[in-house]
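Open the model in your viewer and keep the sequence panel beside it. We will go from one selection to the next.

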Amino acid sequence: MKTLFSLAVLCAVTTQLVAGTVLEKTTTGTPDIARINVISFAPEGVLLVGDGQNKHILAIETGDVEPIAGEFKAVSDIQSEIGGRLGVPGADVEILDFAVNPASNRAYFALRKQDDKTYLILRLSPANEMDLFSLENVKYARIPLPAGEKAQVNTVTDVVWAGDRLVAAGRCSEEFASKIFAAEGPLEHDRPGQIYSAETFHVQHGRWETKAPMSVMIPFEEDGEHFIVGAFSCTPVVKYPIDAITPGAKIKGISMIELGSGTRPLDMFAYGD
């Protein structure tokens, strides 16, 4: 977990999010979370939570927008550290995902307690101060993820904010088909996202495919063009032009790297000088 935590800190420094209004129409209350698959951040301190079991993305207003000075210190056993703050052994806490809020520099951890199977969001500041982010009485927008009459979303594999829209990758029940979802900002509560199919050439399989699940994504800019870069577990790294993500479109990926059989990317980040 030390390596994983170091990557989170690096992402806090290098990730750049395009400013702009993220939330337009929200509701206030305690969002229904059946299972946290992934978390990420949009601008303005908006926390994105992918819940595949409930077939939606939650965009939650954290109010955490004041930058915190200082640098993170290395934590040798972050799982035990978190468990201690929660009053349970480290082995009884499952770290599902984490993301750094670029607006404040706090690290957010999505957790699952093994004793009562509850999901929690814990925050860590550069000063090593930990606290739970309460999900009660928050402003949020729920973005339903439709998958069609014959398929249902069962897992959100990643979610990112890409310039002016939310983009998510998911796995559906229809022959484990991989799907891309997008919702243009500003986001409105209960306005469904759009679903798209994407074709990707898999060198390992020697063919174009639409079924292999995309495991991680990042927004990426190259020569003034905006892309989503996605990695697969079998194992190309592919970019998709954001402008091609329009209603009714079938998106074809452009291969960038082939990592080879048996390699599974856990996460990605982009940085510049």
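This tour of a predicted model visits a sheet, a helix and a few single residues.

**Stop 1: the sheet**

Select strands 6, 7, 8 and 9. These 4 strands make an open sheet, in the order 6-7-8-9, with antiparallel pairing. Which strands stand at the edges? They are strand 6 (93-100) and strand 9 (130-132). Each has a single partner strand, so one side of each has no neighbour in the sheet. Now look at the twist. On average, neighbouring strands here are turned by 25° against each other, direction ignored.

**Stop 2: the pairing of strands 6 and 7**

Keep strand 6 and add strand 7 (residues 107-113). How many bridges join them? There are 7, and the two strands run antiparallel. For one pair to pick out, select Phe98 and find its bridge partner in strand 7, Phe109.

**Stop 3: the helix across the sheet**

Select helix 2, residues 78-86. Helix 2 lies across strands 6, 7, 8 (119-124) and 9. Against strand 6, helix 2 runs at about 105°.

**Stop 4: Asp164**

Move on to Asp164, in the loop that links strand 11 (153-162) and strand 12 (165-172). Is Asp164 buried or partly exposed? Its relative accessibility is 44%, so Asp164 counts as partly exposed. Show its contacts. Leaving out residues up to four places away in sequence, Asp164 touches Glu184 and Gly185. Then select Leu187 as well. Asp164 and Leu187 are 23 residues apart in sequence, and their C-alpha atoms are 9.9 Å apart in space.

**Stop 5: Lys179**

Select strand 13, residues 178-184, and pick Lys179 within it. Why does Lys179 count as buried? Its relative accessibility is 13%, and buried means under 20%. What surrounds this residue? Again leaving out residues up to four places away in sequence, Lys179 touches Ala168, Ala169, Gly170 and Cys172. Its other contacts are Ile195, Tyr196 and Ser197.

**Stop 6: a nonpolar patch**

Switch on the surface and select Met256, Ile257 and Leu259. Together they form a nonpolar patch on the surface, with about 240 Å² of accessible area. Now pick Ile257, which lies in strand 21 (residues 254-258). At 45% relative accessibility, Ile257 counts as partly exposed.

Note on methods: Residues numbered from 1 in each chain as written. Predicted model: local features only at pLDDT ≥ 70, side-chain atom pairs only at ≥ 80, totals over all residues. Heavy atoms only, no water. Buried < 20%, exposed > 50% of the residue type's maximum accessible area, 1.4 Å probe, protein only. Contact = heavy atoms within 4.5 Å. Patch = residues over 30% accessible without salt bridge, like charges linked within 9 Å, V, L, I, M, F, W, Y side chains within 5 Å. Areas by Shrake-Rupley, 256 points an atom, 1.4 Å probe, with all protein chains shown as cover. Salt bridge = Lys/Arg side-chain N within 4 Å of Asp/Glu carboxyl O. Pairing = 2+ DSSP bridges. Axes fitted to C-alpha atoms, helices over the stretch in contact; angles between N-to-C directions.
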